[in-house]
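Let's take a friendly walk through this model, from a pair of helices to a few single residues. Have your viewer ready.

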Amino acid sequence: MLLDAAERGDPFAQFEIALSLEYGNDGEQDFEKAFAWYSKAADQGHEVAEGNLLLQHVLGQAKTIVPEVVFAGLKKRAESGDREATNNVGLCYQHGYGTAQNYREAAAWFQRAAEAGLGIAQFNLGGLYYEGKGFEKNLSAAVEWYTRAAQQREELALIQLGNMYQKGIGVGLDLDRAFLLYLIAYRRGSVRAANHLAFMFKKGFGTQRDDSAAYMLYLESISGPVTPDIAENLSYRGTAYYWLGYMAENGEGTERNLRAARRWYSRGAACGQSNCIEAKGRLRGKSIQTRCRS
C-alpha cells in the first residue's frame, strides 16, 4: 500500500520509502533509490525530505549536485531557523564540504543548533571539544555536551559517554554507568551498543561475566545493515568477528567449532582487522598440527 501511494505521488509515502531504503529497515539498503524517492518528495515541498536529501550529499551518499549548491541550500534553510539544517551547515564547515574547512565556524553552527535542543548537534559540539578542533581540547566541556545529548537518548552520545566512563576519560572510571549507557542505547535498537555490551559481558565490566550473552550480542551487532559511516561500521564488525571467532575457537559462550572460528576470522580479516588476520594464520597452523598428530 505504501509503494502504491508513493507511485501515485503521495510525498509522505515517498519520504517513508526513502527513509526505509536509506537505513535498510525492510532488508534493502540502497542510497541511490533513497535519493530518488527523497527527490520526489522534496519536489512536492516535503521539508524533511529536502533536508535528508541535502544531508545525503554531505555524507557522500549522493553525488549528483555540486557541493557548493548543497551548502547554499543548507545555509538558506538554516537561516530560516531549521535546526537540522543548522547542524548540517556545521558538518559542511567541519568536513570542508561546499565551503572551506573551518572548525570555528563549525562550532558556531553546532552551538546554535545545540542550544536549540538538537541532540545530534550537542553530540557534534562535544566531539569538537573532545578532539580539540576549533578551540583548545576540553574534556569537561565534551562531557557536558555529550551528557546533554545522551539525556535526549542520542545514540552516538550514549555510546561515546559510555566509552568515556568505561575508560575514565574526562570523568572518573565508572563501569556501572558505562554499562547502563550502553544498555539504554541498545534498548533503542543500536547495533553499536550491542557490540559494546557484548564486550562488557565478555569481560564482566559493570555486570557479571556472561559469555553466552556476549556471544549473542556480538551476533546481533553484525545483523543490521551497513550504516552510512562505512569506516566505523567495518571497525565495529571487525571487532565482533574477532570475538565471535575467538569464542568459537575456545568454546566460550558457544560450542567449540574451529571451522566456525576460521570463518569468523576470515570475515574480520576482510575488514582489515589485524588480530583476525593473525588469528586466521594461527588457526591454520593449529589445524595442520592436529592433522599431523592424528
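What follows starts with a helix pair and then turns to a buried glutamate and its surroundings.

This is a predicted model, in which local features need pLDDT of at least 70, side-chain atom pairs count only at pLDDT 80 or more, and totals for chains, interfaces and linings use all residues. Residues are numbered from 1 along each chain as its sequence is written, and side-chain values use heavy atoms, with hydrogens and water left out.

Begin with helices α10 (residues 155-167) and α12 (residues 191-203), whose axes lie 10 Å apart at an angle of about 20 degrees. Helices here are DSSP runs of H or I with at least four residues, numbered from the N terminus, and axes are lines fitted to C-alpha atoms over the stretch in contact, with angles from 0 to 180 degrees between N-to-C directions. The pair is therefore roughly parallel (angles under 35 degrees). Glu-155, Leu-156, Ile-159 and Gln-166 of α10 meet Arg-192, Ala-193, His-196, Phe-199 and Met-200 of α12, where contact means heavy atoms within 4.5 Å.

Now find Glu-252, in the loop between α14 (230-250) and α15. Glu-252 counts as buried because its relative accessible area is 18% (buried is under 20%, exposed over 50%, partly exposed in between, with a 1.4 Å probe and protein chains only). Beyond its neighbours within four places in sequence, Glu-252 touches Lys-202, Arg-209, Asp-211, Tyr-246 and Met-247.

Asp-211 belongs to α13 (residues 211-221), and is one of that helix's buried residues, which also include Tyr-215 and Tyr-218.

Finally, Cys-271 sits in the loop between α15 (258-270) and α16 (274-293), and is partly exposed at 25% relative accessibility.

Conventions: Helices (H or I, at least four residues) and strands (E, at least two) are DSSP runs, numbered from the N terminus. Angles under 35 degrees count as roughly parallel, over 145 as roughly antiparallel, 65 to 115 as roughly perpendicular and the rest as oblique.
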